[in-house]
Amino acid sequence: MQFSLIIPTLNEVGNIDPLLTSIFSLDNLGDQFEVIVVDDSSTDGTPDKVREWQNTHNVRLIERHAQPDLTASILDGTAAAKHEVIAVMDADLSHPPERLAALIQPILDGTHDITIGSRYVAGGDTIGWPFYRLWLSRAGGWLARTICDVNDATSGFFAFRKELIGNITENASGYKILLELLMTGRGQLRVKEIPIHFHNRLHGTSKLSLSHHLTYLRQLIILAGGTVSFYTASRFAMVGLLGVFIDVLIFQWMTGQGISLATAHISSFLAAASFNYTLNTKWSFRLHHSGHLRWGQFSRFLIVGIFAMLLRGAVLAWLIYTWNMPTEWAIFPAIIATAIVNYLGSAFYVFPRTEPVVSTDTRWRVAAVGITCFVILLRLVYMSVAQLLPDEAYYWQYAQHMDLSFFDHPPMVAWLIWLGTALAGQNEFGVRIGAFLCGLITMAYLYALARNLYDKSTAMRSVLLLAIMPFSFAAGLAMTPDAPLVAAWAATLYYMERALLANQSRAWLGVGIAFGLGILSKYTLGLLGIAALVFTILDPVARRWLLRPHPYLAVLIALILFSPVIIWNMENNWASFLFQTGRIDKAYHEFATPRLMLQIAIMLTPIGLVAAILALRSVILRYHQTPRKSLFIGIFTVIPLMVFVVASTSGPLRFHWTGPLWLALIPTIAWMIGQKNVFKNSLEWLTAAWRPMITISLLTYAFILHYVTLGIPGLPYQFLSEHYFWRETTAEIEKIADEIRQTTGEAPIVVGMSKWSIASALAFYNNNHPPLDIRSRNMFGEHAAMYSFWYPSEQPTNRPILLIGMKRQALESDAAERNFERMLIQPSSTHSRAIYRYDGILLRTLYYRTAEGYRGNLTSSSASVATENK
């Protein structure tokens, strides 16, 4: 074998003899290789020990007297090498010499450009390392895997073609030259990982220190396109400290003057951010800035600043309202959290590195990681400070009345809320933690599906698109049946692909479990069963599964998991099934397909809708190249879509119903972003359009969440007056109930005059002791979903009645007046009260009526199913 083996050394005198003895005793290497030992100014006699080998073996010594640097040593050794194939290994006996032949042969054969002795592939391991070093090594590998596609990018045992070293810049430094080699190839290199058993050193001490780990992080960020360095970081920190002083000074003064928290924190942030930008452009990032204001750069700074500001509002609200931290102290951790966002945004987005050139694929990967982390953080912080929507409160009521199933939905949402509140308490976080975890599960399964269908880069972009699409962002934050549905939909697609395309029989177990859990979440997932049957019939390879037991076992598993819903329906006259089929078989007809298209545009974003159309076209055109994959994507997208389109021809559908069906197509949409030879003109426009669409989507989510928790100065709350701020509204209703109790001597029955929204929200936010006695509109003969089952009838009573409406019309319509006159004793006229926040900001208006008693409703029926108006 003709190759040059480079061994960097620094005080390794005790390891030279056993290492070189092992290498030259290997029969499978032949005698055509050379060993080049590059010593970094050792002080223990290492060079002298190497010279002893020079006279008897093909060993050369290069002595460096500059600052010790592993990358520089390897570059010097490569420059002196005689052969075109280069191998590198450590001198501490941690790398097994017997694996050199396996490492070198693929390069000599011309089948690969780089081979890596890997600890983290099947057959590889690490022996003798303490836990903390294993953890650090793994963490370094995981970080590197975001920008390259190998499992052990931090390995020091590798081989490569000598010509590749020319791609590395002259000023390259650090301790992981392999990562430099992989990144300069821009995804075009043929890389193979060879499993090795890595042993801890027996002699000498490790040269790794904290500074080496920081250098590695700096190297990683530079290769990812960031301008992060100790130079910029230290200056950014100094500027940041001055900005903190300005920020805190203005914030404390404004809050001390009684100005609202939102106004104070936004004003102080903008003042500090403007100051920071001026100094950062002129000083911190001076090496990456032309010295004058550039509007494109300034606009990017504004975007990052707005993101940081809106996130800061969430942190402030979380610390103040959830943890009861004093306002004057809460500003400090909020500033620290957003400083990190500001710095990373400045390094990668405002002042990105231009040299060395970073590939577009790498920038998309970095964007995927950054944006996905931001979305997860946004959900995590806001989920505990944003008040529950009435829908969420209604499903929380499910968990307070646990059953095998429920009238309008299967039980999964109730089970998740019950588990979350049992662990985290009866609060917003406990209710929503299930949705948050379902969002993470959806990301994981979609990533795996996209990687199976395409590649890792496409998988990362798929998760990015999933994170910013409205249907998935909401499903990962709000605890509704859509949260487990979307997760189960992604999981079912993944296992279906493994079973039908990869022909893995064990995947059918996953299909059965995921499908069963999915229909326990929402019946809509049954559409994937229809799609699977159609695909199996059309695809000759998949058709063979019809003669095997595995699919039928999956069906059996799904039915067993679904059995609680079947049992509940049997016990309740099939009420849920009849209700759901009634949604399709409407008594009235309305052509609502155009409205459906608008709903899809909202669920996917307008750019997402255009991308979906192009992706479906791409699937059709590429059918001759990848027929089975194209058929799979097409069937699992088009079949559910056609069901909704047909249903929309006879009446409108709920706007969010179509969201999950696009999970099968998102990988193709993401794949198109990285293509230049398919629909060239369209894809160039589409790729360019995605960037502002992603920004607008994220800003919209962050803005809305900030608006509902802290508010936006100058923007009133009139848009949320009917369906939000039930914490403050409930407190006011408790006061009204107390007034009635003091006047009449009896606690009133509180009736929410909506299908279930008012009653559920009041029940969640009611803090009275004893609690309010709450009912819904079924007291007056109207159907109220599960309230018709929980409270099927109300006996006549002389207790006072307190009627609550979201709108005045709900209490004064002709139908309401007739019901009240017939069933209530001396109903009053409609009253209203303004609901204010703690800082005096008007939130909404409360409408209510009272009565001296309830005559009863002889015509009510708990099994009746009326309209679905809330």
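Buried here means under 20% relative accessible area. By that cut-off, 54% of the 870 residues of the protein chain count as buried. The legends below describe close-up views of a predicted model.

**Figure 1. Overview of the predicted protein chain, with 33 helices and 16 strands.** The C-alpha atoms fill a box of roughly 115 × 75 × 50 Å along the principal axes. The chain exposes about 36900 Å², and carbon and sulfur atoms supply 62% of that area. Among contacts between residues at least 6 apart in sequence, 77% join residues at least 24 apart. Mean pLDDT for the chain is 88, with 92% of residues at 70 or more. In residues 860-870 the pLDDT is below 50, and this stretch has 27 contacts in the model beyond near neighbours in sequence.

**Figure 2. The largest nonpolar core, made of 187 residues.** F636 and W690 are the residues with the most contacts inside this core. Helix α10 (residues 295-322) gives the most to the core, with 13 residues. Leaving aside residues up to four places away in sequence, F636 touches L493, M496, L500, L528, A531, A532, F535, L661 and A664. Another core, of 30 residues, lies apart from this one; I116, F160, L179 and Y216 are among its members.

**Figure 3. A nonpolar patch on the surface, formed by L533, I537, L538, L546, L547 and Y552.** Together the six residues named have about 640 Å² of accessible area. Helix α20 (residues 526-538) supplies the largest share of the patch, three residues. L547 sits in the loop between α21 (540-543) and α22 (550-571). The relative accessible area of L547 is 80%, so this residue counts as exposed.

**Figure 4. The salt bridge between R64 and D40.** The closest N and O atoms of the pair are 2.3 Å apart. R64 belongs to strand β3 (residues 59-64) and D40 to strand β2 (residues 34-40), so the bridge ties together parts that are 24 residues apart in sequence. Both R64 and D40 are buried. The model has a count of 32 salt bridges.

**Figure 5. The salt bridge between the side chains of R161 and D113.** The N to O distance is 2.8 Å. R161 is in strand β7 (residues 158-161), whereas D113 is in the loop between α4 (100-109) and β5 (114-118); the two are 48 residues apart, and the pair links distant parts of the chain. D113 has 5% relative accessibility and therefore counts as buried.

**Figure 6. The salt bridge between D738 and R741 within helix α29.** The side chains meet with an N to O distance of 2.4 Å. The two residues are three apart in sequence, about one turn of the helix. D738 is partly exposed, at a relative accessible area of 27%. R741 is also partly exposed, with a value of 28%. Elsewhere, D149, D361, R365, K456 and R461 are joined into one network by salt bridges that share partners.

**Figure 7. Two residues other than glycine with positive phi, N324 and F725.** Phi of N324 is near 55°. N324 lies in the loop between α10 and α11 (327-350), and this residue is exposed, with a relative accessible area of 63%. For F725, phi is about 60°. F725 is found in the loop between α28 (680-709) and α29 (726-744). With a relative accessible area of 2%, F725 is buried.

**Figure 8. Helix α30 (residues 757-765), a mostly covered helix.** Eight of the nine residues of α30 are buried. They are S757, I758, A759, S760, A761, L762, F764 and Y765.

**Figure 9. S828 in the loop between β13 (824-825) and β14 (831-836).** The relative accessible area of S828 is 17%, so this loop residue counts as buried. Not counting residues up to four places away in sequence, S828 touches R849 and T850.

Methods: Residues numbered from 1 in each chain as written. Heavy atoms only, no water. Core = buried A, V, L, I, M, F, W, Y, C linked by side-chain atoms within 4.5 Å. Buried < 20%, exposed > 50% of the residue type's maximum accessible area, 1.4 Å probe, protein only. Helix = DSSP H or I, 4+ residues; strand = E, 2+ residues; numbered from the N terminus. Contact = heavy atoms within 4.5 Å. Patch = residues over 30% accessible without salt bridge, like charges linked within 9 Å, V, L, I, M, F, W, Y side chains within 5 Å. Areas by Shrake-Rupley, 256 points an atom, 1.4 Å probe, with all protein chains shown as cover. Salt bridge = Lys/Arg side-chain N within 4 Å of Asp/Glu carboxyl O. pLDDT = per-residue confidence, 0-100.
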